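Biologist: Before I use these labels, I would like to hear the reasoning behind each of them. Please show me the structure first.

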Amino acid sequence: MILPGSHSQSLAARLAAATDHDLARVTYDQFPDGELCAALTEADADALAGTHAVVVASTLTSDAHLELLQLQDAAREAGAAEVTTVLPYMGYGRQDEAFTPGQPVSARAVAGAISAGTDRVLLVSPHEPDVADFFDVPCETVAAAPRLAEPLPDDLADPVFVAPDEGAIAIAERARDAYGAGTADYFEKERDYDTGDVEISPGNTDVAGRDVVLVDDIVATGSTMSEAIDALHDREVGRAFVVCVHPLLVGNARTKLERAGLAGIWGTDTVERDVSAVSVAPVLAEFV
Ligand code: R5P
């Protein structure tokens, strides 16, 4: 049975359909003091006894983390024989080290808590693959990048798939391979961690007259991608598209991107937004 977290209800339904599992009718309640209670119905709890529970929950907020732990525990309480936890998007995954003395390794802290309630973890395209090592149970990473070519127009002109920094070049190459045409390259990126400002240098990437697909794992504030689009327009680029695995799109990210003049943006349903045109359910189904 698939147990959806509140931020992953569409993906959970698609995964249930793709794997022929039942979809639990989870309720998400809050007590007057603010404490949460994500719960199964009695009928679903009865049906879960002795079977496989699959909790699917992007931990986009601190409440979503708590909700995930509650769903794992509800599955155990119902007598599930096995619990698999799917993290379409792992919150705190980018805090994978103490960047200054005194900071926690938050990814390790949440991985430890999640491990206590599950037999295995499936993690979709983590920002740093090494975070998988923080879990105390087997953790497999599931690559979403090959699906990023799906929504792109068929008529891209001499496309170049560009990662905004070297760290994302593998995702750009996978998207290019899936599209079946074009080249892949990366820009140089500098971020000022005090102000959040981003500076992008396109280097020698040949973009004049070509359609560009900017590819990254995450679009959060949109600063990286809007700066990249600005840099492209300085070079007489054709159309500029953005694809990403996790379209967080926080704050005024959409406005920044629209003002920069993008031709289209798509992400996956690891984060459920209006741009989440690509589902990772088929790739997850192979692992569940
Ligand atoms: C960082 O290395 C990531 O790959 C993304 O580039 C980053 O998270 C994007 O953040 P933002 O949209 O806030 O610039």
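Modeller: The model is a predicted one, and the turns below go through the ligand site and then a set of single residues.

Biologist: Which residues are closest to the ligand, and how many surround it?

Modeller: The ligand is surrounded by 14 residues, and Asp216, Asp217, Ala220, Thr221 and Thr224 are the closest. To be counted as near, a residue needs a heavy atom within 4 Å of the ligand.

Biologist: What makes the pair formed by Asp217 and the ligand a polar contact?

Modeller: An N or O atom in the side chain of Asp217 is 2.6 Å from an oxygen atom of the ligand. The cut-off for a pair of N or O atoms is 3.5 Å, so this pair is a polar contact.

Biologist: Which other residues place a polar atom by an oxygen atom of the ligand, and at what distance?

Modeller: For Lys189 a polar side-chain atom lies 2.9 Å from a ligand oxygen. For Ala220 the polar atom belongs to the backbone, and the distance to a ligand oxygen is 2.8 Å. Both values are within 3.5 Å, so both pairs pass the distance test. As for cover, the ligand taken alone exposes 380 Å², and the protein buries 89% of that.

Biologist: Which pocket does the ligand take up?

Modeller: The ligand occupies the space of the largest pocket.

Biologist: Which elements supply at least two residues of the shell, and which gives the most?

Modeller: Strand 10 (188–191), strand 12 (212–219) and helix 6 (223–233) each supply at least two. Strand 12 gives the most, with 4 residues.

Biologist: How do the shell residues divide into nonpolar, polar and charged?

Modeller: There are 6 charged, 5 polar and 3 nonpolar residues in the shell. Asp217 and Lys189 fall under charged, because Asp and Lys are both in that class.

Biologist: Why is Thr224 called buried?

Modeller: Its relative accessibility is 8%, and buried means under 20%, so Thr224 is buried. Thr224 is placed in helix 6. The side chains of Thr224 and Lys189 are joined by a polar contact of 3.1 Å.

Biologist: Why is Thr205 called buried?

Modeller: Thr205 has 6% relative accessibility, which is under 20%, and therefore counts as buried. Thr205 sits in the loop between strand 11 (198–201) and strand 12. Its side chain makes a polar contact of 3.3 Å with the side chain of Asp185.

Biologist: Why is Leu257 buried?

Modeller: The relative accessible area of Leu257 is 0%, under the 20% limit, so the label is buried. Leu257 belongs to helix 7 (residues 253–260). The C-alpha atoms of Leu257 and Ser226 are separated by 5.1 Å, with the two residues 31 apart along the chain.

Biologist: What makes His7 partly exposed?

Modeller: His7 has 28% relative accessibility; the label applies in between 20% and 50%, so His7 is partly exposed. The loop between strand 1 (2–4) and helix 1 (9–19) holds His7. From the C-alpha atom of His7 to that of Val124, 117 residues away along the chain, the separation is 15 Å.

Biologist: What is the label for Asp119, and why?

Modeller: Asp119 has a relative accessible area of 33%, in between 20% and 50%, and so is partly exposed. Asp119 lies in the loop between helix 4 (106–115) and strand 6. Asp119 and Asp136 are 9.3 Å apart, C-alpha to C-alpha, and 17 residues apart in sequence.

Biologist: Why does Pro129 count as exposed?

Modeller: Exposed means over 50%, and Pro129 has 52%, so Pro129 is exposed. Pro129 is in the loop between strand 6 (120–124) and strand 7 (139–142).

Biologist: What is the phi of Asp158, and why is this residue called exposed?

Modeller: Phi of Asp158 is positive, about 45°, although Asp158 is not a glycine. Its relative accessibility is 52%, over 50%, so Asp158 counts as exposed. Asp158 lies in the loop between strand 7 and strand 8 (160–163).

Biologist: What is the phi of Glu236, and why is Glu236 exposed?

Modeller: Glu236, a residue other than glycine, has a positive phi near 55°. At 65% relative accessibility Glu236 is over 50% and therefore exposed. The loop between helix 6 and strand 13 (240–247) is the place of Glu236.

How values were computed:
Residues are numbered from 1 along each chain as its sequence is written. This is a predicted model: local features need pLDDT of at least 70, side-chain atom pairs count only at pLDDT 80 or more; totals for chains, interfaces and linings use all residues. Side-chain values use heavy atoms; hydrogens and water are left out. A polar contact is a pair of N or O atoms within 3.5 Å; within protein, one must be able to donate a hydrogen and the other to accept it, and residues adjacent in sequence count only if both atoms are side-chain atoms. Accessible areas come from the Shrake-Rupley method with a 1.4 Å probe; for residues, only the protein chains shown count as cover. On a 1 Å grid over the protein atoms alone, a cavity is a set of points where a 1.4 Å probe fits but cannot get out, and a pocket is an open set with protein on both sides within 12 Å along at least five of seven lines; lining residues have an atom within 4 Å of a point. A molecule sits in a cavity or pocket if more than half of its atoms lie within 2 Å of its grid points. Buried means under 20% relative accessible area, exposed over 50%, partly exposed in between (1.4 Å probe, protein chains only).
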